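This is a walk through the packing of nonpolar and aromatic side chains in one protein model. Have the sequence and the coordinates open while reading.

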Amino acid sequence: MRDETKEALQNAKDALSKVGGELKHEVKDLANEIKGQAQEISAKVVAELRKKTDAGIMECKNALKECKGNIEEAMEYLRKKGLSKAAKKADRIAAEGVIALKIADDFRKATLVEVNSETDFVAKNEDFQDIVTNILDLAFKRSLNTTDSLMELSINGESFGDYLKQKIAVIGENIVIRRVTTITCKPNQIINGYLHHNKKVGAITLLSCDNEANTPKLHEFAQLLSMHIASMKPKFLSYAELDKDFIAKERVAIVAELEKENEELARLKKPLHRIPAYVSRGELTESVLHAKEEELRATLKAEGKPENIWDKIIPGQLERFILDNTLLDQRLTLLAQLYALDDKKTITQVINEKSQELHDNIQVVSFVNFELGEGIEKKVDNFAEEVAAQMK
């Protein structure tokens, strides 16, 4: 009986061992399968995150690990670490084509369009240029602001949609009218624009003044401002358009970016960036400025500077404080940017000088800036494979 019991126990152990071995292999195979799937998904997500941020592959991978694969959280993580680039690299812009601009002879109306082709070769083709001219003329004539409204019109006796299809068939490439905008002046306003010689960047600027007689004197000034806008690419007119939550979010990213750059500057033994307490004029309330002024007065007193010269020193120091603490405005808002043609002055200062020159009140009402292919990502062949290889 004991022998039978021993044999039964041994058989049970063998059976359990066999099942355990099979289960172990199944678990291992499942783990490998899951690992492979995770790696494949991670490679795709890393590729997408890199396109959105231009951060390094491993930096993107680590950010996604920290954020459990959430790409939006990973983007914010990289920004806080100062590893995300604000601007896309030029080689990531995919669209070819041209920006086209038309200004009325009396500077009372302007139209800006972007028309995309698949290759730069076609963008330089005469047939393509003729299409762009027809699009621009029609949009200008009808004061269009949407591509859909263009498709509803007729040209040479046929619908614009049919006209475009025929041209696409002849050229052999897809042609996309990506965007169009037209601005028409109201009384006491004037508009002008700038188109770069490569036809890849264009801008228009609408100005106003109190004295209608001064509008003819402002068309050249509007063109110079448009040249600045095309070059410096502001997104807003002033800090007043920036949301408080947006400013707070950007402050974290800007500080992280400067601290990251300071690491390299310290290694090279170069002067470090000042780390600002604020990044927008919207944060510099009256109480903040008053407190700073009192601090400056206390400093001058401690330095033994005569009190009768404080009022000559403090305005310049306050101006420097504001400049150091409005980095976000300088990057994104037109009025806070340093003028491209004289970087010792802000756009606001340049406008004020023009106002004094003409004894008038000149204002920028609005502006539009088109950059060819802006926001369209370039297809990078085998990029997922490149990421996967570096993640092994």
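Start in helix α7, where Phe160 and Tyr163 sit three residues apart, about one turn of the helix. The model is a predicted one. Phe160 and Tyr163 are both buried. Their rings form an aromatic pair with centres 5.6 Å apart and planes at 45°, which is classed as tilted. A tilted pair is one that is neither stacked, with planes under 30 degrees apart, nor edge-to-face, with planes over 60 degrees apart. The count of aromatic pairs comes to one.

Phe160 also leads into the nonpolar interior. The largest nonpolar core has 24 residues, and Phe160 is among those with the most contacts inside it, together with Phe128 and Leu150. At least two residues of this core come from each of the strands β1 (96-103), β2 (109-117) and β5 (176-184), and likewise from each of the helices α4 (120-123), α5 (126-142) and α7 (160-171). Helix α5 gives the largest share, seven residues.

Phe128 can be followed outward from here. Leaving aside residues up to four places away in sequence, Phe128 touches Gly97, Val98, Val115, Asn116, Ser117, Val122, Ala123, Ile171 and Ile175. Separate from this core is a second one of 22 residues, including Ala203, Leu207, Ala222 and Phe367.

Two further rings carry a charged side chain over the face. Lys109 lies over Phe140, at 4.8 Å from the ring centre. Arg179 lies over the face of Phe370, and here the distance to the ring centre is 4.2 Å.

How values were computed: Residues numbered from 1 in each chain as written. Predicted model: local features only at pLDDT ≥ 70, side-chain atom pairs only at ≥ 80, totals over all residues. Heavy atoms only, no water. Core = buried A, V, L, I, M, F, W, Y, C linked by side-chain atoms within 4.5 Å. Buried < 20%, exposed > 50% of the residue type's maximum accessible area, 1.4 Å probe, protein only. Helix = DSSP H or I, 4+ residues; strand = E, 2+ residues; numbered from the N terminus. Contact = heavy atoms within 4.5 Å. Phe/Tyr/Trp six-rings, centres within 6.5 Å; stacked < 30°, edge-to-face > 60°. Lys NZ or Arg CZ within 6 Å of the ring centre and 35° of its normal.
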